[in-house]
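Biologist: I am new to this structure. Could you take me through it, one question at a time?

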Amino acid sequence: MKTARTYAKVRAQSGATHTYPIYGKDARIEAWRMRSELTLESRDSAALSELLGQLQTALGVANLIMLPSPETRKQAENEAIIEAIAAFRERARTVADALRKDYRIKQLSIGSGGRPPAQPRMRSAALASADAAPMPIEAGETLIRATISGQIELTD
């Protein structure tokens, strides 16, 4: 945490901590192993990459998960909702045209997926050399979903 706090453009906080006993041959606990999470948030990928390189000199990085910012997610969800509504209206128009009727939307439910399942970027748990090189990180893709369901009423 001390190292992470030296990076002004990176927000750091501790996460879950798990401890596990290490048993000896006589089934007695000889030592304890601890695994902790460190959550880092940043819009500056260069600073984040550099910090991760520094942390690897003392810590093993088990995985790295990158998620879009809340603003980016909201914008993508809004765009997906607009596309889903257009698809719903197109489907409703197809049904109404096939029956030679007009339609009106009686009920509409709009949903978005919330936080997506994390896609881990696996990294080696081995420690890096004393010369900390930035960890290569690269943005990927995140699936954003919007669902529209509803009822139409056919009219004359």
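Modeller: A definition comes before anything else. A residue is buried under 20% relative accessible area, exposed over 50%, and partly exposed in between (1.4 Å probe, protein chains only). The model is predicted, so local features need pLDDT of at least 70 and side-chain atom pairs count only at pLDDT 80 or more, while totals for chains, interfaces and linings use all residues. Residues are numbered from 1 along each chain as its sequence is written, and side-chain values use heavy atoms, leaving out hydrogens and water.

Biologist: In what order do the elements of the protein chain run from the N terminus on?

Modeller: Helices (H or I, at least four residues) and strands (E, at least two) are DSSP runs, numbered from the N terminus. The protein chain has two helices and six strands. From the N terminus on, their order is β-β-α-β-α-β-β-β.

Biologist: What share of the residues in the protein chain is buried?

Modeller: The exposed surface of the chain is about 11800 Å², by the Shrake-Rupley method with a 1.4 Å probe, where for residues only the protein chains shown count as cover. Carbon and sulfur atoms supply 50% of that surface. Of the 156 residues in the chain, the buried share is 19%.

Biologist: Over how many bridges do strands E1 and E2 pair?

Modeller: Two strands pair if DSSP finds at least two bridges between them. E1 covers residues 11-23 and E2 covers residues 29-41. His18 stands opposite Arg35 in E2. The two strands run in the antiparallel sense, and their bridges number 11.

Biologist: Which residue in the turn between E1 and E2 has a positive phi?

Modeller: E1 and E2 form a hairpin with five residues between them. The residue in question has a phi near 65 degrees and is not a glycine. At a relative accessible area of 60%, this residue is exposed. Its name is Ala27.

Biologist: Which residue in the loop between H2 and E4 also deserves a look?

Modeller: This residue sits in the loop between H2 and E4. Its relative accessibility is 77%, so it counts as exposed. Its phi is positive, about 55 degrees, although it is not a glycine; the residue is Arg100.

Biologist: Which helix gives the most to the largest nonpolar core?

Modeller: A nonpolar core is a set of buried Ala, Val, Leu, Ile, Met, Phe, Trp, Tyr and Cys residues joined through side-chain atoms within 4.5 Å. The largest one has 12 residues, including Tyr7, Val10, Leu40 and Met135. The helix that gives the most covers residues 45-55 and supplies five residues; this is H1.

Biologist: Which residues does Leu48 touch?

Modeller: Contact means heavy atoms within 4.5 Å. Leu48 is among the buried residues of H1, and what covers these buried residues includes E2 and strand E3 (63-64). Not counting residues up to four places away in sequence, Leu48 touches Val10, Leu40, Ser42 and Ile137.

Biologist: Which residue caps the N-terminal end of H1?

Modeller: A polar contact is a pair of N or O atoms within 3.5 Å; within protein, one must be able to donate a hydrogen and the other to accept it, and residues adjacent in sequence count only if both atoms are side-chain atoms. Here a side-chain oxygen lies 3.1 Å from the backbone nitrogen of Ala46. The cap is Asp44.

Biologist: How many residues apart in sequence are the parts that Arg11 and Glu41 tie together?

Modeller: A salt bridge is a side-chain nitrogen of Lys or Arg within 4 Å of a carboxyl oxygen of Asp or Glu. The side chains of Arg11 and Glu41 meet in one at 2.9 Å, N to O. Arg11 lies in strand E1 and Glu41 in strand E2, so the pair ties together parts whose separation in sequence is 30 residues.

Biologist: Are Arg73 and Glu77 buried or exposed?

Modeller: Their side chains meet in a salt bridge of 3.7 Å, N to O. Being four residues apart in helix H2 (residues 70-98), Arg73 and Glu77 are separated by about one helical turn. Both Arg73 and Glu77 are buried.

Biologist: Which residue meets Lys101 in a salt bridge?

Modeller: Lys101 is partly exposed at 32% relative accessibility. Its partner counts as exposed, at 80%. The N to O distance is 2.7 Å, and the partner is Asp156.
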